[in-house]
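I set out to look up how the helices pack and where the nonpolar cores lie. My entries follow the order in which I made the queries.

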Amino acid sequence: MARYRVTTGATTWPDDTGCGLLHVDMDAFFVSCELRTRPELAGKPVVVSGGGPRSVVAAASYAAREFGVRSAMPFSTAKRLCPQLICITPTPGLYGEVSQGVMGIFRELTPLVEPLSLDEAFLDVSGALKRLDSSPARLGARIRERVSADFGISCSVGVAKVKFVAKLASGMAKPDGMVVVPAAETLAFLHPLPVSALWGVGKRTEEHLRQQGLHTVADVAAAPLARLRRSLGRALGEHLYALANGHDDRKVVPESPDKSIGAEVTFDVDLHDRAALGLELLRLSERVAATLRRRGLRGRTVSIKVRFADFKTITRARTTAVGVDVARDIHRTAVELLAEHAPTGAVRLIGVRVEGLGTESSGEQLLFASSEPRWRDAEVAADVARSKFGAAAVRPASLLTPRDQ
């Protein structure tokens, strides 16, 4: 892999002609954001997590990963693997703020930016090369320099002809590196890799392929297509055959619209009390509604997610007459769904989600004879207050704790 890696400060790199697709991935993003103000923790095993007995690891430093700690792992498991683990609780709003700034750097170079999450995105820079008098690899190097200089974090970049190869390359560049895969060497790069490198191959598919004697990407590329169709099904067989031969026709799709917005919470201790669960639903509804209004969206469907103490999980939804972006409306529907579908039982996790999103211009039904107070006006005013004085400045009285009163 060394022949594809570009070292920091390099002035020459592999031929990037025709490699207009970049995949940029922040390195240990949440941890890196936090360590900007805690440099004394650099190089130590650090995770971002709530730290409670049922919290999960949101991100792990590379030092923590050496102990087997991974994101989405229960914090209790991570602590057993690494007793000296340092836990930082998430800073509200920080990661979205940094992500927005990083994505802004990308969009200065090209409008064709497809965010996959807060910390990674595809870029198509093919149309920007002449305007910027640059090359894909030079732009990748420029991105890495800007992200480091402007935000104090590092990122890894993959440069290739097609999307999935660019994503593989960025993974191999980690941490804090860049890998360029020349178009003419796409197959030479891919074929020695294990079948698990192919997009869409999970553990079960990998096991099935190995049982068929297909261990590497080269084995899949050389297999008769008819055999792959019979063994894996037409769609998956054709998909993996194309990837193994270096074909990926997917384009970079800029900023696909949100399909849903939600929030959920896992309790340290199971909750039985429906009144207490109702307050948690109100807290979550407030968060969801504020996000909807901030993005200028409304949704027609409200759903809840309930995970019981035995890990059984249900989701239930109801479609409203008009689009909603008001916590009061979301909460009312969520409480009704809870009462109808989960009236009893110990609850481990609860969540609220609004789906079927559209813009505010889709309209709010006005009831001229209604004596209902304008709850949306009140919540918009609360949004303004929170933006000035912090998230805790305004909230429903029922969510106040004795310390707040």
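The entries below cover the nonpolar cores and then three helix pairs.

Entry 1, model. I noted at the outset that this is a predicted model.

Entry 2, nonpolar cores. I looked up the largest nonpolar core and found that it has 39 residues. Met 26, Phe 106, Leu 123 and Ile 143 have the most contacts inside this core. I then listed the elements that give it two or more residues: the strands β2 (21–26), β3 (46–49), β7 (120–124), β8 (155–160) and β9 (178–180), and the helices α1 (29–35), α4 (94–109) and α6 (136–151). Helix α4 gives the most to this core, with eight residues. I also recorded a second, separate core of 29 residues, with Val 165, Val 181, Ala 221 and Leu 243 among them.

Entry 3, Ile 143. I asked which residues Ile 143 touches, leaving aside those up to four places away in sequence. They are Leu 22, Val 24, Phe 106, Leu 109, Leu 123 and Cys 155.

Entry 4, α4 and α6. I found that the axes of these helices come within 10 Å and cross at roughly 145 degrees. Helix α4 passes α6 in a right-handed crossing. From α4, the residues in contact are Val 98, Gly 101, Val 102, Ile 105, Phe 106, Glu 108 and Leu 109; from α6, they are Leu 139, Arg 142, Ile 143, Arg 146, Val 147, Asp 150 and Phe 151. I sorted the residues of this contact by class and obtained nine nonpolar, one polar and four charged.

Entry 5, α11 and α12. Helix α11 (residues 225–232) packs on helix α12 (residues 234–244) at about 135 degrees, with the axes 7 Å apart. I therefore entered α11 as oblique to α12. The crossing of α11 past α12 is right-handed. Leu 225, Leu 228, Arg 229 and Leu 232 of α11 meet Arg 234, Leu 236, Gly 237, Glu 238, Leu 240 and Tyr 241 of α12. I counted six nonpolar, one polar and three charged residues in this contact.

Entry 6, α13 and α14. I read an angle of about 140 degrees between helix α13 (residues 274–294) and helix α14 (residues 327–341), with their axes 8 Å apart. Helix α13 is therefore oblique to α14. Their crossing is right-handed. Residues making the contact include Leu 277, Leu 281, Ser 285 and Leu 292 of α13 and Ile 330, His 331 and Leu 338 of α14. By class, I noted eleven nonpolar, three polar and two charged residues in the contact of α13 with α14.

How values were computed:
Residues numbered from 1 in each chain as written. Predicted model: local features only at pLDDT ≥ 70, side-chain atom pairs only at ≥ 80, totals over all residues. Heavy atoms only, no water. Axes fitted to C-alpha atoms, helices over the stretch in contact; angles between N-to-C directions. Parallel < 35°, antiparallel > 145°, perpendicular 65-115°, else oblique. Left-handed = near helix turned anticlockwise from the far one by under 90°. Contact = heavy atoms within 4.5 Å. Nonpolar A, V, L, I, M, F, W, Y, C, P; charged D, E, K, R; others polar. Core = buried A, V, L, I, M, F, W, Y, C linked by side-chain atoms within 4.5 Å. Buried < 20%, exposed > 50% of the residue type's maximum accessible area, 1.4 Å probe, protein only.
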